[in-house]
Structure formats: C-alpha cells, structure tokens
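These are my notebook entries on a single chain. I looked up its cysteines, its nonpolar core, its salt bridges and its surface in turn.

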Amino acid sequence: MKVITVCGNGIGSSIMLKMKLDEICEEHGIKADIESTDFNSAQGKECDLIVTVEELANQFENKRVAVVRSYINKKKIKEDVLDVLLELSQKND
C-alpha cells in the first residue's frame with residue numbers, strides 16, 4: 001500500500017506525520033510504503049491514500065484522502081486514520 005503525507009511545503013509537517021504513521025503501521029502490522037511530500041508534488045503521484053489536514057484535503061480530486069487533526073499528535077492521528085489504513089491493508093493482501 002502506498003501512502004503519501006502532505007503539507008503545504010513538504011518540509012517539516014509532512015515528515016513528522018510520516019514518522020507517526022510509520023510507528024502506527026508498525027504497531028498494527030500494516031505494510032505501507034509512506035512518503036512525505038508537498039501539496040503540488042502530491043497532485044501527480046499515484047497512491048492508495050493521501051493523509052493531510054482538512055485545509056488541503058478538499059483540493060485532492062479522485063483520490064482517497066484521510067484527514068488528520070494534527071501532524072504530530074500520535075493519538076489524534078491514530079484516531080483519524082487507523083481504520084482507513086486497516087481497511088486498505090486488507091484490500092491489498
């Protein structure tokens with residue numbers, strides 16, 4: 001499963017989100033290739049899921065998007081995306 005974390009510039013926030021998602025996936029046995037990137041680069045990338053904040057989420061058309069309330073709060077991130085990650089990982093098995 002290919003997951004992309006997205007923030008405005010692709011420098012800090014999306015990297016922090018990627019690190020938290022890596023931890024969550026490892027804890028739950030989810031196999032995912034997670035990449036962090038900026039908004040513009042994410043537009044042309046193929047992936048199973050984009051994870052980003054609400055301000056950017058509605059700008060992605062025809063892509064599966066999970067909205068997080070925080071780039072760094074692991075508990076909130078887990079609450080926001082774990083169900084989607086589990087669903088997608090089962091489809092890709």
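Is Cys25 buried or exposed? I looked up its relative accessibility in this predicted model and found 4%, so Cys25 counts as buried.

**Entry 1. Cysteines**

I next searched the whole structure for disulfides and found 0. A disulfide is a covalent bond between the sulfur atoms of two cysteines. Why does Cys25 not form one with Cys47? The closest cysteine sulfur to that of Cys25 is in Cys47, and at 14 Å it is too far for a bond; the cut-off I applied is 2.5 Å. I checked from the other side as well: the closest cysteine sulfur to that of Cys47 is in Cys25, again 14 Å away. Cys47 is partly exposed, its relative accessible area being 22%, whereas Cys25 is buried.

**Entry 2. Nonpolar core**

In soluble globular proteins, nonpolar side chains tend to be buried together. I therefore looked up the largest nonpolar core, which holds 28 residues. The members that touch the most other members are Val3, Val6, Leu21, Leu49, Val51, Val81 and Leu85. I then noted which elements give two or more residues to this core: strand 1 (2-7), helix 1 (13-27), helix 2 (39-42), strand 3 (49-53), strand 4 (65-68) and helix 4 (74-92). Helix 4 supplies the largest share, 6 residues.

I took Val81 as a case to follow. Which residues does Val81 contact, leaving aside its neighbours within four places in sequence? I found Leu21, Val51, Ala66 and Val68. Of these, Leu21 and Val51 are also among the members that touch the most others.

**Entry 3. Salt bridges**

I obtained a count of 10 salt bridges. One of them joins the side chains of Lys2 and Glu35, with N to O at 2.8 Å. This pair links distant parts of the chain, since Lys2 lies in strand 1 and Glu35 in strand 2 (residues 33-38), 33 residues apart. I found Lys2 partly exposed, at a relative accessible area of 22%, and Glu35 partly exposed too, at 23%. I also recorded that both residues belong to a network of salt bridges that includes Asp33 and Lys45.

I then looked up two pairs within helices. Asp22 forms a salt bridge with Lys18, and the closest N and O atoms are 2.6 Å apart. These two residues are 4 apart in helix 1, so about one helical turn separates them. Asp22 is partly exposed at 28%, as is Lys18 at 23%.

The second pair is Glu87 and Lys91, whose closest N and O atoms are 3.3 Å apart. They are likewise 4 residues apart, here in helix 4, and so about one helical turn separates them. I found Glu87 partly exposed at 31% relative accessibility, whereas Lys91 is exposed at 59%.

**Entry 4. Nonpolar surface patch**

Finally, I asked which residues form a nonpolar patch on the surface. I found Ile15, Met16, Met19 and Ile72, which together have about 340 Å² of accessible area. Met16 lies in helix 1 and is partly exposed, with a relative accessible area of 33%. Helix 1 thus appears in three of my entries: it gives two or more residues to the core, carries the pair Asp22 and Lys18, and holds Met16 of the patch.

How values were computed:
Residues are numbered from 1 along each chain as its sequence is written. This is a predicted model: local features need pLDDT of at least 70, side-chain atom pairs count only at pLDDT 80 or more; totals for chains, interfaces and linings use all residues. Side-chain values use heavy atoms; hydrogens and water are left out. Buried means under 20% relative accessible area, exposed over 50%, partly exposed in between (1.4 Å probe, protein chains only). A nonpolar core is a set of buried Ala, Val, Leu, Ile, Met, Phe, Trp, Tyr and Cys residues joined through side-chain atoms within 4.5 Å. Contact means heavy atoms within 4.5 Å. A salt bridge is a side-chain nitrogen of Lys or Arg within 4 Å of a carboxyl oxygen of Asp or Glu. Patches are made of residues with over 30% relative accessible area and no salt bridge: like charges are joined within 9 Å, nonpolar side chains (Val, Leu, Ile, Met, Phe, Trp, Tyr) within 5 Å. Accessible areas come from the Shrake-Rupley method with a 1.4 Å probe; for residues, only the protein chains shown count as cover.
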